[in-house]
Amino acid sequence: MAKKSKKQQQSGGTPATVALTAAGTAFTVHSYEHDPAHPSYGEEAAEAMGVSPDRVFKTLVADVDGRLTVAVVPVAGQLDLKALAAAVGGKRAAMADPALAERTTGYVRGGISPLGQRKKLPTVIDASAAEHPTICVSAGRRGLEVELAAADLAALTGAVLAPVGRA
């Protein structure tokens with residue numbers, strides 16, 4: 001995997017790719033033409049990149065006991081809200097209001113990255129991520145993904161790995 005050069009970073013980097021570059025983390029950027037009519041951002045990314053949907057992860061923002069929390073789960077599955085709450089020591093979880101998620105992270109829905117968010121939020125990555133040498137997550141805008149090791153993503157976001165996804 002290649003790191004983005006400073007020139008690439010300045011000519012279209014997102015807060016996510018800037019954070020990866022600043023940390024010296026190895027990553028690969030994948031871009032594709034986003035189709036606004038596609039019913040699923042994550043499945044669209046997997047199809048466009050020719051990557052198995054179990055290696056492409058979506059970033060979801062939930063409210064756990066009044067605190068916004070990020071969940072990173074495979075696009076092929078769904079978020080288990082009870083498991084997410086348990087993973088962060090909470091009791092109840094519900095999906096966050098999309099407008100609040102956008103304001104808090106600094107990204108638009110369908111392009112929320114777990115990296116480079118405006119406000120650092122508690123993050124949980126589904127344990128299945130550890131089964132792959134690399135995974136893909138949003139790079140901060142629709143049509144742009146970054147591929148990196150799950151351990152690197154966890155280190156950069158301060159995430160815990162827990163079984164929070166379900167088929």
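User: How do the residues lining the second largest pocket divide into nonpolar, polar and charged?

Analyst: Happy to help! They divide into 5 nonpolar, 4 polar and 2 charged. Ala, Val, Leu, Ile, Met, Phe, Trp, Tyr, Cys and Pro count as nonpolar, Asp, Glu, Lys and Arg as charged, and the others, Gly among them, as polar. Lys 119 and Lys 120 are in this lining, so they count as charged. This is a predicted model, where local features need pLDDT of at least 70, side-chain atom pairs count only at pLDDT 80 or more, and totals for chains, interfaces and linings use all residues. Residues are numbered from 1 along each chain as its sequence is written, and side-chain values use heavy atoms, leaving out hydrogens and water.

User: What makes a site a pocket rather than a cavity?

Analyst: On a 1 Å grid over the protein atoms alone, a cavity is a set of points where a 1.4 Å probe fits but cannot get out, whereas a pocket is an open set with protein on both sides within 12 Å along at least five of seven lines. Lining residues have an atom within 4 Å of a point. The largest pocket has 26 of them, with Tyr 41, Thr 59, Leu 60, Arg 109 and Gly 110 nearest its centre.

User: What volume does the largest pocket have?

Analyst: About 480 Å³, while the second largest pocket holds about 160 Å³. A volume is the space filled by probe spheres set on the points, which are joined across faces, edges and corners.

User: Which element supplies the largest share of the largest pocket's lining?

Analyst: That is β2, with 5 residues. Strands are DSSP runs (E, at least two residues), numbered from the N terminus.

Note on methods: Helix = DSSP H or I, 4+ residues; strand = E, 2+ residues; numbered from the N terminus.
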